[in-house]
Amino acid sequence: MSSNKIIQKVDLKKTVTKGSQAVRLSAATVTERWTRPAFAVQTSKDGFTEAVQNAKKPLPNGTTEIAMREADHTSDNDKRDHYSGVCYDEKGNPLGTEHFPRK
């Protein structure tokens, strides 16, 4: 998992279904490296929701929440336009970081 740990997040009030799993969506507002105003999350909310819903890769077992850590971007390791999200289990334990490509 990336070393940019999420410290604080906001609920996006969105739930997507992946297989038989209902997954709640949230977004980071404070990490170890930066702070994002809560209102700024709204500009990425719909795109992130669509990217998670359309992602083909299975989520880590036990995922009940995905927190958007990075808005739409590319990286050296993944040239696709994608969102980075941290998957959490029902107890709030991080399960790993996943990339959710844009269409």
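**Notebook: a sheet, a helix and two cores**

I started at one end of the sheet, where 7 bridges join strand β4 (residues 82-88) to β5, and the two run antiparallel. I kept in mind that this is a predicted model.

Which residue stands opposite His 99 in β5? I looked across and found Ser 84.

Next I traced the whole sheet. It is open, has 5 strands in the order β1-β2-β3-β4-β5, and its pairing is mixed. My reminder to self: strands of a sheet pair through backbone hydrogen bonds, either parallel or antiparallel. I then looked for the edges, and they are β1 (6-18) and β5 (94-101), each of which pairs on one side only. Ignoring direction, I noted an average turn of 30 degrees between neighbouring strands of this sheet.

Then I turned to the helix. Which strands does α1 lie across? I found that helix α1 (residues 42-54) lies across β1, β2 (21-31), β3 (65-73), β4 and β5, and runs at about 55 degrees to β1.

After that I looked up the nonpolar residues. In soluble globular proteins, nonpolar side chains tend to be buried together. Here the largest nonpolar core has 16 residues, and Leu 12, Leu 25, Phe 48, Val 52, Leu 59, Ile 66 and Phe 100 touch the most other members. I listed β1, β2, α1, β3 and β4 as the elements that give two or more residues to this core.

I picked Leu 25 for a closer look. Leaving aside neighbours within four places in sequence, Leu 25 is in contact with residues including Leu 12, Val 16, Phe 48, Val 52 and Ile 66, and also with Asp 11 and Lys 13.

My last find was a second, separate core of 5 residues, with Ile 6, Ala 67, Val 86 and Tyr 88 among them.

Technical notes:
Residues are numbered from 1 along each chain as its sequence is written. This is a predicted model: local features need pLDDT of at least 70, side-chain atom pairs count only at pLDDT 80 or more; totals for chains, interfaces and linings use all residues. Side-chain values use heavy atoms; hydrogens and water are left out. Two strands pair if DSSP finds at least two bridges between them. Helices (H or I, at least four residues) and strands (E, at least two) are DSSP runs, numbered from the N terminus. Axes are lines fitted to C-alpha atoms, for helices over the stretch in contact, and angles run from 0 to 180 degrees between N-to-C directions. Contact means heavy atoms within 4.5 Å. A nonpolar core is a set of buried Ala, Val, Leu, Ile, Met, Phe, Trp, Tyr and Cys residues joined through side-chain atoms within 4.5 Å. Buried means under 20% relative accessible area, exposed over 50%, partly exposed in between (1.4 Å probe, protein chains only).
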